[in-house]
Amino acid sequence: MTMTGYFTHRDCWKHEMGPGHPECPERLDAIEDRLLISGLDVALDRREAPVAALADIELAHSRLHVAALRGLSDGLKEDIEAGGPSYAQVDPDTSINVSTWDAALRAAGAALAATDAVLAGEMENAFCAIRPPGHHACREKAMGFCFFNNVAIAAKYALERHGLKRVAIVDFDVHHGNGSEDIMAGDPRVLMVSFFQHPFYPMDWVHTGASNLVNVPVPAYTKGMEIRELIENAWIPRLEEFAPEMIFISAGFDAHREDDMGQLGLVEQDYAWITDRIKDVARRHAKGRIVSCLEGGYSFSALGRSVEAHIRVLADV
Ligand SMILES: [Zn+2]
């Protein structure tokens with residue numbers, strides 16, 4: 001058995017939000033190039049992501065939100081045929097093109113298929129190289145480059161469709177996973193742990209007091225060693241106590257010190273360390289079951305190196 005699955009789809013390259021936008025298809029090229037150069041690609045069980053069923057997406061989003069994105073996409077296609085612009089705006093940073101709907105279905109589909117494969121014992125864990133990312137997408141709202149919350153959808157799917165009783169969400173993106181928090185706050189079947197730069201986008205974080213959230217704000221210029229200490233003290237005891245049956249990772253790599261999107265000081269060795277700590281919890285409580293989904297990460301070189309470091313630990317190579 002190959003230990004680690006790798007889920008992606010060409011449609012995830014076709015979504016783009018205009019010239020110069022940091023959340024661009026070349027991010028996936030940076031990851032693929034790095035996996036090839038490092039030889040890591042041959043150690044992975046590479047699979048094509050299917051299209052997610054709308055009923056599964058609606059485990060985490062309202063029917064209205066899903067219909068609104070579909071309507072926006074259909075409207076854009078009509079506008080383009082009539083000679084209109086190639087993009088439709090969702091918020092100041094976020095827009096769709098003709099391929100966004102398909103890419104979003106494949107991104108969520110990757111997370112769902114990875115969940116199925118891991119729970120079927122076909123692989124121990126999986127990484128989904130997907131875009132659009134998901135952790136800012138709220139139950140009712142697309143924002144911050146995100147349309148559907150891939151990790152929240154897969155976590156709900158593991159609970160509702162596979163009958164798991166406890167799942168954990170680990171979010172190490174530099175930004176607060178406000179969408180995941182919106183969808184998961186107060187659900188005792190889910191423990192969410194994260195750190196994020198604060199104050200920072202999306203600016204709306206306040207301590208809600210929901211007992212299933214361990215979301216730790218850190219100031220700009222926090223370095224890897226301090227993050228490791230925070231994880232050891234704030235995340236690990238809660239994860240151990242919760243004993244998740246499966247762990248989902250919102251794997252954003254924009255806390256890397258070379259990533260200009262944020263001002264934190266992580267390096268690839270920190271991502272390897274974090275992954276190792278998560279894997280240790282997963283091995284003890286969850287039969288090793290981890291599904292990791294790409295979120296942010298905008299410096300191509302740092303992103304490629306960090307994903308390599310993350311997958312090396314997942315795959316034990
Ligand atoms: Zn981010």
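**Figure 1. Zinc site of the predicted model.** In this predicted model, the zinc ion takes its protein donors from Asp173, His175 and Asp254. Asp173 is listed with two OD entries, His175 with ND1 and Asp254 with OD, at distances of 2.0 to 2.7 Å from the metal. The angles among the four donor atoms run from 52 to 152 degrees, and the site is classed as irregular. A tetrahedral assignment would require all angles to lie between 85 and 135 degrees, so the range found here excludes that class.

**Figure 2. Placement of the zinc donors along the chain.** The donors follow the spacing D-x1-H-x78-D. Asp173 belongs to the loop between strand E6 (167-171) and helix H7 (178-184), whereas Asp254 belongs to the loop between strand E9 (246-251) and helix H9 (268-285); the pair therefore ties together parts that are 81 residues apart in sequence. Both aspartates are shielded from the probe: Asp173 is buried, with a relative accessible area of 1%, and Asp254 is buried at 0%.

**Figure 3. Surroundings of the zinc donor His175.** His175 is situated in the loop between E6 and H7. With a relative accessible area of 8%, His175 falls under the 20% limit and therefore counts as buried. Beyond its neighbours within four places in sequence, His175 is in contact with two histidines, His135 and His136, and with the aromatic residues Phe196, Phe200 and Tyr201. Met261 and the zinc donor Asp254 are also among the contacts of His175. The C-alpha atoms of His175 and Gln197 are 6.2 Å apart in space, although these residues are 22 residues apart in sequence.

**Figure 4. Packing of helices H8 and H9.** The axes of helix H8 (residues 224-242) and helix H9 come within 11 Å and cross at roughly 10 degrees. This angle is under 35 degrees, so H8 and H9 are roughly parallel to each other. From H8, the contact involves Gly224, Arg228, Ile231, Glu232, Trp235, Ile236, Leu239 and Glu240. H9 contributes Gln269, Asp270, Trp273, Ile274, Arg277, Val281, Arg284 and His285. By residue class, the contact comprises seven nonpolar, three polar and six charged residues.

**Figure 5. Cis peptide bonds preceding Pro132 and Pro202.** The bond joining Arg131 and Pro132 is cis, with omega at about 0 degrees. Pro132 is located in the loop between strand E5 (125-128) and helix H6 (150-160). A cis peptide bond also leads from Tyr201 to Pro202, where omega is near 5 degrees. Pro202 is placed in the loop between strand E7 (190-197) and strand E8 (213-218). Tyr201, on the N-terminal side of this bond, is one of the residues in contact with His175.

**Figure 6. Positive phi values at Phe145 and Lys287.** Phe145, a residue other than glycine, has a positive phi near 75 degrees. Phe145 is found in the loop between E5 and H6, the loop that also holds Pro132. At 12% relative accessibility, Phe145 is buried. Lys287 likewise adopts a positive phi, near 55 degrees, and is positioned in the loop between H9 and strand E10 (290-294). Lys287 is exposed, with a relative accessible area of 66%.

How values were computed. Residues numbered from 1 in each chain as written. Predicted model: local features only at pLDDT ≥ 70, side-chain atom pairs only at ≥ 80, totals over all residues. Heavy atoms only, no water. Donors = N, O, S within 2.8 Å, 3.2 Å for Na, K, Ca; no water. Tetrahedral: all angles 85-135°; square planar, octahedral: opposite > 155°, others 65-115°. Helix = DSSP H or I, 4+ residues; strand = E, 2+ residues; numbered from the N terminus. Buried < 20%, exposed > 50% of the residue type's maximum accessible area, 1.4 Å probe, protein only. Axes fitted to C-alpha atoms, helices over the stretch in contact; angles between N-to-C directions. Parallel < 35°, antiparallel > 145°, perpendicular 65-115°, else oblique. Contact = heavy atoms within 4.5 Å. Nonpolar A, V, L, I, M, F, W, Y, C, P; charged D, E, K, R; others polar.
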